[in-house]
Amino acid sequence: MSPAAHQHFNPTAGEDEGYTRWQTFTVPFSFPVIFTRALFHPENSSLFQALSYREPDKRHRLIAFADSGVLQACPCLADDLAAYCARWGDSLELVCPVQEIDGGESIKADWASIEWMHKILLDANIDRHSYVLAIGGGAVLDAVGLVAATAHRGIRHVRIPTTVLSQNDSGVGVKNGINQFAQKNWLGTFAPPWAVLNDSAFLDCLNDREKRAGMAEAVKVALIRDSEFFEWLCENSDLLCVFEPHALTYLVRRCAELHMQQIGQGGDPFEMGSARPLDFGHWAAHRMESMSQHELRHGEAVAIGIALDTRYSVLAGLLEAKQEQRVYDLLVKLGFTLWHETLDQKNQQGQRAVISGLADFQAHLGGELTITLLESIGVGREVHHMQLPLINESIDYLKSRA
Ligand SMILES: NC(=O)c1ccc[n+]([C@@H]2O[C@H](COP(=O)([O-])OP(=O)(O)OC[C@H]3O[C@@H](n4cnc5c(N)ncnc54)[C@H](O)[C@@H]3O)[C@@H](O)[C@H]2O)c1
Ligand SMILES: [Zn+2]
């Protein structure tokens with residue numbers, strides 16, 4: 001019986017027929033996504049405001065976990081945060097020094113670290129009114145997010161993303177997770193953060209490969225949602241390919257806004273349905289990442305996945321061929337390689353192993369297979385079936401270009 005049918009349901013029916021009452025409530029979610037620079041500079045009030053916006057008169061307890069890669073690149077970070085909390089000491093209390101955790105995908109396969117973080121929260125008496133800060137790339141945010149969401153059934157969680165990808169995509173989302181049973185993001189929850197603080201200064205110390213990888217998500221979201229942003233990316237590709245800071249900052253901000261728009265206004269923030277429009281190009285990307293043992297960065301795999309699904313969109317008669325070349329031109333200009341040997345690896349049946357990514361994609365969400373393809377630049381189109389010969393033809397095409 002659907003909730004809408006409950007009005008016609010007779011609650012006074014005899015007990016033999018059962019008795020149902022519908023429980024209904026809604027919980028509005030809202031959180032700030034703050035774009036700033038030099039977040040821990042003592043006079044930057046962003047963090048103070050993010051933690052005290054609901055209870056301005058209270059002194060807030062907080063603990064921070066930071067990505068080892070970030071701590072290496074920014075050795076003063078732990079001291080800066082301590083000094084910051086001292087400066088805003090009437091409102092903030094850092095309960096212990098910044099805790100270092102491994103950066104990168106390995107943290108998402110490390111159950112011992114998850115348990116270790118839980119224990120730190122326990123020992124520090126972190127309760128539901130305290131804050132857990134995660135400072136790092138998407139992998140660290142996913143792992144710490146899971147820890148915060150599960151300790152005491154959910155502690156206020158503040159994300160401080162430090163890579164292009166985590167600032168323009170994962171950090172503004174509502175999911176966390178780790179890789180379990182050798183499956184990516186198998187264990188995780190939907191848990192919107194308390195606040196997100198994007199500090200552009202973190203991107204200065206990121207290497208070129210990581211900076212580039214994050215830009216793939218901007219191309220992705222421009223292609224499915226915003227043709228004007230796609231034009232901007234093309235017009236500014238000379239600046240973006242050398243990671244000019246102002247251009248990169250705008251790319252991050254616009255991409256984050258488009259992700260926020262989809263999650264907030266797309267009608268399905270917790271992915272209860274079968275569609276994941278923000279995962280254009282991702283069915284193949286996730287599979288390639290795993291097949292390459294994560295040697296391929298997420299964004300690098302997404303760039304290839306975008307190229308593959310763009311070609312498929314043309315072969316399936318959805319996208320005009322004249323638009324296709326612009327997609328490849330932009331990706332190549334930004335420095336992406338649109339081929340990886342995993343695309344050609346065969347399984348025991350002699351089929352390309354990457355294609356099982358379609359089944360994985362469906363299994364992760366459940367429901368009907370739903371893949372976003374392109375109808376034109378800026379407009380995505382959902383389909384529920386992909387034709388094997390056309391996928392193979394698309395892969396052959398990428399191989400011929402390589
Ligand atoms: N939850 C979601 O909605 C969501 C969405 C997209 C991606 N993700 C996840 O995000 C992860 C990828 O995140 P990522 O691309 O940010 O990479 P990452 O977290 O793997 O970090 C990449 C590397 O950069 C280092 N690093 C991070 N910030 C740095 C800085 N400022 N300076 C120097 N080094 C720095 C890290 O230590 C790591 O070695 C994947 O696990 C992916 O599944 C999650
Ligand atoms: Zn992605």
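Buried means under 20% relative accessible area, exposed means over 50%, and partly exposed lies in between, with a 1.4 Å probe and protein chains only. This is a predicted model: local features need pLDDT of at least 70, side-chain atom pairs count only at pLDDT 80 or more, and totals for chains, interfaces and linings use all residues. Residues are numbered from 1 along each chain as its sequence is written, chains are lettered from A and ligands numbered from 1 in the order in which they are written, and side-chain values use heavy atoms, with hydrogens and water left out.

**Exercise 1. The zinc site**

Task: find which residues coordinate the zinc ion (ligand 2), and place the two histidines in the chain.

Solution.
- Step 1. Donors are N, O and S atoms within 2.8 Å of the metal (3.2 Å for Na, K and Ca); water is not among the atoms, so sites may look incomplete.
- Step 2. Glu217 (OE), His282 (NE2) and His298 (NE2) coordinate the zinc ion at 2.1 Å.
- Step 3. The donor spacing in sequence reads E-x64-H-x15-H.
- Step 4. His282 belongs to helix 12 (residues 282-291) and His298 to helix 13 (residues 298-315), 16 residues apart; the pair links distant parts of the chain. Helices are DSSP runs (H or I, at least four residues), as are strands (E, at least two), numbered from the N terminus.
- Step 5. His282 has a relative accessible area of 3%, so it is buried. His298 is at 17%, so it also counts as buried.

**Exercise 2. The surroundings of helix 12**

Task: determine how many residues of helix 12 are buried, and what they pack against.

Solution.
- Step 1. Eight of the ten residues of helix 12 are buried, so the helix is mostly covered.
- Step 2. The buried residues are His282, Trp283, Ala284, Ala285, His286, Met288, Glu289 and Met291.
- Step 3. Their packing partners are strand 8, helix 8 (208-225), helix 13, helix 15 (357-365), strand 10 (371-376) and helix 16 (388-401). Contact means heavy atoms within 4.5 Å.
- Step 4. After helix 12 comes Gln293, with a positive phi near 50 degrees.
- Step 5. His294 sits in the loop between helix 12 and helix 13. Its phi is near 65 degrees, a positive value in a residue other than glycine. His294 is partly exposed, at 26% relative accessible area.

**Exercise 3. An acid without a partner**

Task: which side chain of opposite charge is nearest to Asp309, and how far away is it?

Solution.
- Step 1. Lys and Arg count as positive, Asp and Glu as negative; His and the chain ends are not counted.
- Step 2. A salt bridge needs a side-chain nitrogen of Lys or Arg within 4 Å of a carboxyl oxygen of Asp or Glu.
- Step 3. The nearest candidate is Arg311, 11 Å away; Asp309 is buried yet has no salt bridge.
- Step 4. Asp309 lies in helix 13. Leaving aside neighbours within four places in sequence, Asp309 contacts Phe280, Gly281, Trp283, Thr372, Leu373 and Met386.

**Exercise 4. Rings around Trp88**

Task: classify the ring pairs of Trp88 with Phe48 and with Tyr84.

Solution.
- Step 1. Rings of Phe, Tyr and Trp (its six-membered ring) pair if their centres lie within 6.5 Å; planes under 30 degrees apart count as stacked, over 60 as edge-to-face and the rest as tilted.
- Step 2. The structure holds 13 aromatic pairs. Phe48 and Trp88 form one at 4.6 Å centre to centre, with 15 degrees between the planes: stacked.
- Step 3. Phe48 lies in helix 1 (residues 46-52) and Trp88 in the loop between helix 3 (77-87) and strand 3 (92-94), so the pair ties together parts 40 residues apart in sequence.
- Step 4. Tyr84 and Trp88 have ring centres 6.1 Å apart and planes at 35 degrees, so this pair is tilted.
- Step 5. Tyr84 is buried at 0% relative accessibility, and Trp88 is buried at 14%.
- Step 6. Ring pairs join Phe40, Phe48, Tyr84 and Trp88 into a cluster.
- Step 7. A charge sits over a ring if NZ of Lys or CZ of Arg is within 6 Å of the ring centre and within 35 degrees of the ring normal. The charged end of Arg87 sits over the ring of Trp88, 4.1 Å from its centre.
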